[in-house]
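This briefing sets out the main features of the structure shown below. The points are grouped by topic and are best read alongside the coordinates.

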Amino acid sequence: MTVGETQVSTGNPPEVLDGPFSTRQLLRIDEALRLADQGTGLVFSVFVGGLDEPIREHAERLHRQLADPDRSVLIALSPNQRRLEVVTGRYARKRIPDTYAKLAALSMVAAFGGGDLAGGIINGLDQLASHAGRG
């Protein structure tokens, strides 16, 4: 489940609340996603969970399942596997070249190494959106 994605109510709490983030952190990530989307015209998504091998291919499959993959940017993070992938669609890649995605990834990894998953994601979203600029 990505941050900001809704889940049909089954009487059980949403599974996202069982993850590594507090409610406050989820709200901050959701706000960062909203600001990135609104500020760029691109669609940003975050996936946190296990990724199948090969990791990059799994992240690309997740990206293709998004509503508008060409205009989408996916941050796929697997803390237990210590892996991070940033996947950009065809149109999004023109505005966020791989070089800048890698720089944002390095910044996120530094925060993750310090134990700040939410802060790393928020910082990475901000960097990616800043580079993409207004769309």
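In this predicted model, strands S2 and S3 form a hairpin with four residues between the strands, and within that hairpin Arg82 adopts a positive phi near 55 degrees. Arg82 shows this positive phi although it is not a glycine. The points below begin with this hairpin and then move outward to the sheet, the helices and the chain as a whole.

**The hairpin of S2 and S3**

- Arg82 is placed in the loop between S2 and S3.
- Arg82 counts as exposed because its relative accessibility is 75%, and the cut-off for exposed is over 50%.
- Strand S2 covers residues 72-78 and runs antiparallel to S3, to which six bridges join it.
- Ser78 has Arg83 of S3 standing opposite.
- Another pairing in the hairpin is that of Ala76, whose bridge partner in S3 is Glu85.

**The sheet**

- The hairpin strands belong to an open sheet of three strands, ordered S1-S2-S3, in which the pairing is mixed.
- Strand S1 (43-48) and strand S3 (83-88) are the edge strands, each pairing on one side only.
- On average, and with direction ignored, neighbouring strands of the sheet are turned by 10 degrees against each other.
- Although S3 is an edge strand, five of its six residues are buried, so the rest of the structure largely encloses S3.
- Buried here refers to a relative accessible area under 20%.

**Helices against the sheet**

- Helix H2 (residues 55-64) packs on the sheet and touches S1, S2 and S3.
- The direction of H2 makes about 45 degrees with that of S3.
- Helix H4 lies across S2 and S3 and runs at about 150 degrees to S3.

**The loop before H2**

- Pro54 is found in the loop between S1 and H2.
- The peptide bond leading from Glu53 to Pro54 is cis, and its omega is near -10 degrees.

**Helix H4: surface patch and contacts**

- Leu106 belongs to helix H4, which spans residues 98-113.
- With a relative accessibility of 57%, Leu106 counts as exposed.
- Together with Tyr100 and Leu103, Leu106 makes a nonpolar surface patch of about 310 Å².
- Ala111 also has its place in helix H4.
- Apart from neighbours within four places in sequence, Ala111 is in contact with Asp116 and Gly120.
- The C-alpha atoms of Ala111 and Ile121 are 8.5 Å apart, and these two residues are 10 residues apart along the chain.

**The chain as a whole**

- The protein chain contains five helices and three strands.
- Along the sequence, these elements follow the pattern α-β-α-β-β-α-α-α.
- The protein chain has 135 residues, of which 39% are buried.
- Among contacts in the protein chain with a separation of 6 or more, 61% involve residues 24 or more positions apart.
- The protein chain exposes about 7,700 Å², with carbon and sulfur atoms supplying 49% of that area.

Technical notes:
Residues numbered from 1 in each chain as written. Predicted model: local features only at pLDDT ≥ 70, side-chain atom pairs only at ≥ 80, totals over all residues. Heavy atoms only, no water. Patch = residues over 30% accessible without salt bridge, like charges linked within 9 Å, V, L, I, M, F, W, Y side chains within 5 Å. Areas by Shrake-Rupley, 256 points an atom, 1.4 Å probe, with all protein chains shown as cover. Salt bridge = Lys/Arg side-chain N within 4 Å of Asp/Glu carboxyl O. Helix = DSSP H or I, 4+ residues; strand = E, 2+ residues; numbered from the N terminus. Buried < 20%, exposed > 50% of the residue type's maximum accessible area, 1.4 Å probe, protein only. Pairing = 2+ DSSP bridges. Axes fitted to C-alpha atoms, helices over the stretch in contact; angles between N-to-C directions. Contact = heavy atoms within 4.5 Å.
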